[in-house]
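Thank you all for coming. I would like to walk you through one model this morning, slowly, and I will explain each term when it comes up.

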Amino acid sequence: MAAKPFVSDIKAIRERAREHIRKGAVTEGYKADRGTVIKILNEALATELVCVLRYKYHYYMASGIHSKGVAAEFLEHANEEQTHADQIAQRITQLDGKPNLSPEGLLSRSHSEYVEGHDVVEMIEEDLVAERIAIDSYREIIQYLGNDDPTTRRMMEEILAKEEEHAEDLGTLLEQLGQKGEPNAEPLKKAKAHA
Ligand SMILES: [Fe+2]
Ligand SMILES: [Fe+2]
């Protein structure tokens, strides 16, 4: 018995590809609701852009207050969030959508917030909150996409893994600052005592 071909009707697939050639990467086999996916991705794009701006602000503000190591971490995160924004915008165009880069309404489209913070510990805490929000909402997006749009899902899984890394970095920074006797040293110790 001959092995079952992976693609059952290559001729039909080729014909379909020609017929809908103007749709770019979106083929008939695309199972997700394209409009919804584009809308969700534009929210993720806004989330990333707000994160870029917040990390950049924290970078410039932390540079002056003998926190060179923390500032470097903020800058690294800002650059990685920008890469995420670029990946997401690229995917939106592949899906024949328009990446929403308008500054108007950016914050209301974003899941994360823009909080300045008064000192370096507060900045790290606000960044950690924002990362945790991104982690939760990206996990939901991944679940929503399921097997209907594996390319977008894979991209979001990659980004999610990076956000988890960011959150871990920030947690480590908070612990290090706590050990140095910074303002959050007490609450950290108390939290550990209750655990
Ligand atoms: Fe990101
Ligand atoms: Fe992040």
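Let me begin with the word donor, because the metal sites depend on it: donors are N, O and S atoms within 2.8 Å of the metal (3.2 Å for Na, K and Ca), and since water is not among the atoms, sites may look incomplete. Please also keep in mind that this is a predicted model, in which local features need pLDDT of at least 70 and side-chain atom pairs count only at pLDDT 80 or more, whereas totals for chains, interfaces and linings use all residues. Residues are numbered from 1 along each chain as its sequence is written, chains are lettered from A and ligands numbered from 1 in the order in which they are written, and side-chain values use heavy atoms, with hydrogens and water left out.

First, the overall picture. The chain has seven helices and zero strands, where helices (H or I, at least four residues) and strands (E, at least two) are DSSP runs, numbered from the N terminus. Of the 195 residues in the chain, 38% are buried, and buried here means under 20% relative accessible area, with exposed being over 50% and partly exposed in between (1.4 Å probe, protein chains only). If we take the contacts in the chain with a separation of 6 or more, 76% of them are between residues 24 or more positions apart, and contact means heavy atoms within 4.5 Å.

Now to the metals. Which residues hold the iron ion (ligand 1)? Its donors come from Glu-48, which gives two OE atoms, from Glu-81 and Glu-163, each through OE, and from His-84 through ND1, at 1.9 to 2.5 Å. Along the sequence, these donor residues follow the spacing E-x32-E-x2-H-x78-E. Glu-81 and His-84 are three residues apart in helix α3 (residues 68-94), so about one helical turn separates them. Glu-81 counts as buried because its relative accessibility is 0%, and His-84, at 5%, counts as buried as well.

The iron ion (ligand 2) has as its protein donors Glu-81 (OE), Glu-131 with two OE atoms, Glu-163 (OE) and His-166 (ND1), which lie 2.0 to 2.3 Å from it. Their spacing along the chain reads E-x49-E-x31-E-x2-H. Glu-131 sits in helix α5 (residues 120-145) and His-166 in helix α6 (residues 150-179), so this pair ties together parts that are 35 residues apart in sequence. Both Glu-131 and His-166 are buried. How far apart are the two iron ions? They lie 3.9 Å apart, and Glu-81 bridges them.

Let us turn to the helices that surround these residues. In general, two packed helices are described by the angle between their axes and the distance between the axes. In this work, axes are lines fitted to C-alpha atoms, for helices over the stretch in contact, and angles run from 0 to 180 degrees between N-to-C directions. Angles under 35 degrees count as roughly parallel, over 145 as roughly antiparallel, 65 to 115 as roughly perpendicular and the rest as oblique.

Helix α2 (residues 34-63) and α5 have axes that come within 11 Å and cross at roughly 165 degrees, which means that α2 is roughly antiparallel to α5. Among the residues that meet across this pair are Glu-48 in α2 and Glu-131 in α5. The contact divides into 14 nonpolar, three polar and four charged residues, where Ala, Val, Leu, Ile, Met, Phe, Trp, Tyr, Cys and Pro count as nonpolar, Asp, Glu, Lys and Arg as charged, and the others, Gly among them, as polar.

Between α2 and α3 the angle is about 160 degrees, with the axes 8 Å apart, and therefore α2 is roughly antiparallel to α3 as well. The residues of that contact divide into 18 nonpolar, six polar and five charged. Within α2 we find Tyr-59, which, leaving aside its neighbours within four places in sequence, is in contact with Ala-71, Phe-74 and Leu-75.

Is α3 parallel or antiparallel to α5? Their axes come within 12 Å and cross at roughly 25 degrees, so α3 is roughly parallel to α5. Here Val-70, Phe-74, His-77 and Glu-81 in α3 meet Val-120, Met-123, Ile-124, Asp-127 and Glu-131 in α5.

One last detail concerns the backbone. Most residues other than glycine have a negative phi. Asp-96, however, has a positive phi, near 65 degrees, and this residue is found in the loop between α3 and α4 (106-109). With a relative accessible area of 40%, Asp-96 is partly exposed.
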